[in-house]
Amino acid sequence: MASLIKTLNCVQCGQNHLGANVWTCPTCGPDEGILEIRFDLDRAAKTLTRASLADRNRSHWRYRELLPLDHDPPKSLDAIGWTPLIEAPRLAKALGVRRIRLKDDGRSASGSFKDRASSVGVAHAIEQGRNVIACASTGNAASSLAGCSAAAGMQANIFVSESVPEGKLLQLLAYGARVFKVKGTYAQAYDLCSQACARFGWYNRNAAINPFLVEGKKTGGLEVAEQCADDPPDWVSCSVGDGCSIAGVGKGLSEMNAVGVIDWHTKMLGAQAADVAPIAAAYDSGSLDRTGNGGTYADSIDVPVPRNWRKAVAAVRDSKGAFVTVTDDEIAEAVRLTGRLAGVFAEPAAATAVAGIAQARRQSIIDENASVVAMITGNGLKDAAGARKAVGQPHVVRPDLDEIARIVEQDKKASQS
Ligand SMILES: *Cc1c(COP(=O)(O)O)cnc(C)c1O
């Protein structure tokens with residue numbers, strides 16, 4: 001089936017570049033001229049219905065009318081998407097809201113939400129006749145691209161910054177990618193990757209400038225819409241780095257409304273780390289401050305100069321939502337609570353969505369009757385050092401039952417006091 005793409009508009013000037021074979025707007029330039037795909041939603045609505053969905057594959061390829069592909073993806077990528085939505089009543093109680101559901105993309109193939117974008121990127125590259133693909137990443141985009149490339153038999157060239165956590169680096173190497181660890185910042189790794197793609201003709205997976213990839217991230221929103229169809233949330237919380245994830249989730253929710261699979265709207269909550277919050281600031285000021293140099297231990301959202309801020313700001317604004325910022329301590333607390341009260345081990349950037357709910361509650365942005373979905377965008381095992389900051393230590397004991405008894409007794413006293 002040919003894709004139902006209707007236009008490819010610049011988010012700044014609005015010009016349609018469909019068919020022009022560009023990935024950013026030539027008029028507005030690569031920093032601001034980000035393109036956005038729009039679909040023929042009237043046509044999509046004819047075949048994308050609740051009834052037709054009931055018979056489809058349990059993967060994100062089930063939304064083929066809303067994906068920018070002309071052909072079926074390789075079978076080896078069939079396992080991407082359709083992650084579980086998990087009730088978290090104890091977490092909801094602890095944060096003071098009526099209901100929390102966790103959309104757990106930590107269970108995705110490579111352990112993060114990025115598999116949605118990477119799998120669409122790989123499928124699109126194959127359609128374009130490319131067999132080498134590249135990306136720059138703080139970690140998850142790279143590990144997911146390496147995994148999807150390995151599955152589909154493509155070569156992956158990955159540019160990471162020096163701060164990449166060990167678990168994510170190991171994934172890249174395990175999937176057989178060629179890894180360039182750039183001595184510099186993420187922004188420098190990103191620019192180097194773009195230059196290499198231009199020079200060597202590699203397919204560029206960098207989500208912020210590749211409009212096809214936001215369409216992959218969109219499937220997170222499509223799935224939330226379908227999974228919550230009869231039981232809509234008041235808010236969907238998402239952590240924000242470059243801004244593509246929240247923009248994609250917001251687009252997915254809107255498109256499901258436009259095609260009539262759902263009849264409701266929900267507010268988007270964007271959560272950024274307090275010291276790296278350029279998009280939260282741009283939400284208030286209307287423009288991006290490109291001088292940011294803060295840092296957060298939630299490495300996946302440590303993005304001082306985000307590329308996709310306009311789409312992120314628009315997604316939150318269109319939904320009548322809000323942005324909040326949370327400190328690294330609050331993020332660590334969210335890692336702890338999400339693990340202990342919901343049985344979901346989130347990496348710091350993923351737990352930021354939960355920390356954002358707590359913050360929005362404290363500021364009375366979200367009220368106590370709210371039902372909230374939190375996008376758990378990455379698995380805690382990916383960043384062992386980050387997790388270690390949050391989760392405490394084991395009891396080291398000799399093989400002696402009396403020692404166990406002493407600790408059991410201590411814990412009992414502690415829980416009574
Ligand atoms: C990439 C990522 C995000 C943020 O997505 P952006 O598109 O950069 O805003 C959040 N959490 C995790 C785990 C990620 O890997």
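The questions and answers below walk through the sheets, cores and helices of a predicted model.

Visitor: In what order do the strands of the 6-stranded open sheet stand?
Guide: The pairing in this open sheet is mixed, and its neighbouring strands are turned by 25° against each other on average, direction ignored. β3 and β11 stand at the edges with a single partner strand each, so one side of each is left without a neighbour in the sheet. Read across, the order is β3-β4-β12-β9-β10-β11.

Visitor: Which residue in β10 is the bridge partner of valine 236?
Guide: Strand β9, residues 235-239, pairs with strand β10, residues 267-273, in the parallel sense over 5 bridges. Valine 236 also touches Thr266, Lys267 and Leu269, among others, when residues up to four places away in sequence are not counted. Its bridge partner in β10 is methionine 268.

Visitor: How many residues does the largest nonpolar core have?
Guide: Among the residues with the most contacts inside this core are Ile133, Ile158 and Val236, and the neighbours that valine 236 touches include Leu253 and Met375, which are likewise listed among those with the most contacts inside the core. Apart from it lies another core of 40 residues, among them Leu269, Ala271, Val344 and Ala355. The largest nonpolar core itself has 71 residues.

Visitor: Which strands are at the edges of the open sheet of 4 strands?
Guide: The 4 strands of this open sheet follow the order β7-β6-β5-β8, and their pairing is parallel. An edge strand here pairs on one side only, and this holds for residues 178-182 and for residues 203-204. These edge strands are β7 and β8.

Visitor: What is the bridge partner of alanine 134 in β8?
Guide: Strand β5, residues 132-137, is joined to β8 by 2 bridges, and the two strands run parallel. The partner of alanine 134 in β8 is asparagine 204.

Visitor: At about what angle to β5 does helix α8 run?
Guide: Helix α8 covers residues 186-200 and lies across β5, β6, β7 and β8. Those strands make up the open sheet with parallel pairing. Relative to β5, the helix runs at about 165°.

Visitor: Why does the end-to-end distance of helix α14 agree with its number of residues?
Guide: Helix α14 spans residues 348-362, which is 15 residues, and at 1.5 Å a residue these should span 21 Å. There is nevertheless a kink of about 25° in α14, centred on valine 354. The distance agrees because the end C-alpha atoms, set against the expected span, are 20 Å apart.

Visitor: How many residues of α14 are buried?
Guide: A residue counts as buried when its relative accessible area is under 20%, and by that criterion α14 is mostly covered. Just after the helix, serine 364 takes a positive phi of about 60°. Of the 15 residues in α14, the number buried is 13.

Visitor: Is lysine 320 buried or exposed?
Guide: Lysine 320 is found in the loop between α12, residues 309-318, and β11, residues 322-326, and has a positive phi of about 60° although it is not a glycine. The preceding helix α12 lies across β10 and β11, and its buried residues include Trp309, Val313 and Val316. The relative accessible area of lysine 320 is 65%, which means that this residue is exposed.

Technical notes: Residues are numbered from 1 along each chain as its sequence is written. This is a predicted model: local features need pLDDT of at least 70, side-chain atom pairs count only at pLDDT 80 or more; totals for chains, interfaces and linings use all residues. Side-chain values use heavy atoms; hydrogens and water are left out. Buried means under 20% relative accessible area, exposed over 50%, partly exposed in between (1.4 Å probe, protein chains only). The expected span of a helix is 1.5 Å times one less than its number of residues. The bend at a residue is the angle between axes fitted to the seven residues ending there and the seven starting there. Two strands pair if DSSP finds at least two bridges between them. Contact means heavy atoms within 4.5 Å. Axes are lines fitted to C-alpha atoms, for helices over the stretch in contact, and angles run from 0 to 180 degrees between N-to-C directions. A nonpolar core is a set of buried Ala, Val, Leu, Ile, Met, Phe, Trp, Tyr and Cys residues joined through side-chain atoms within 4.5 Å.
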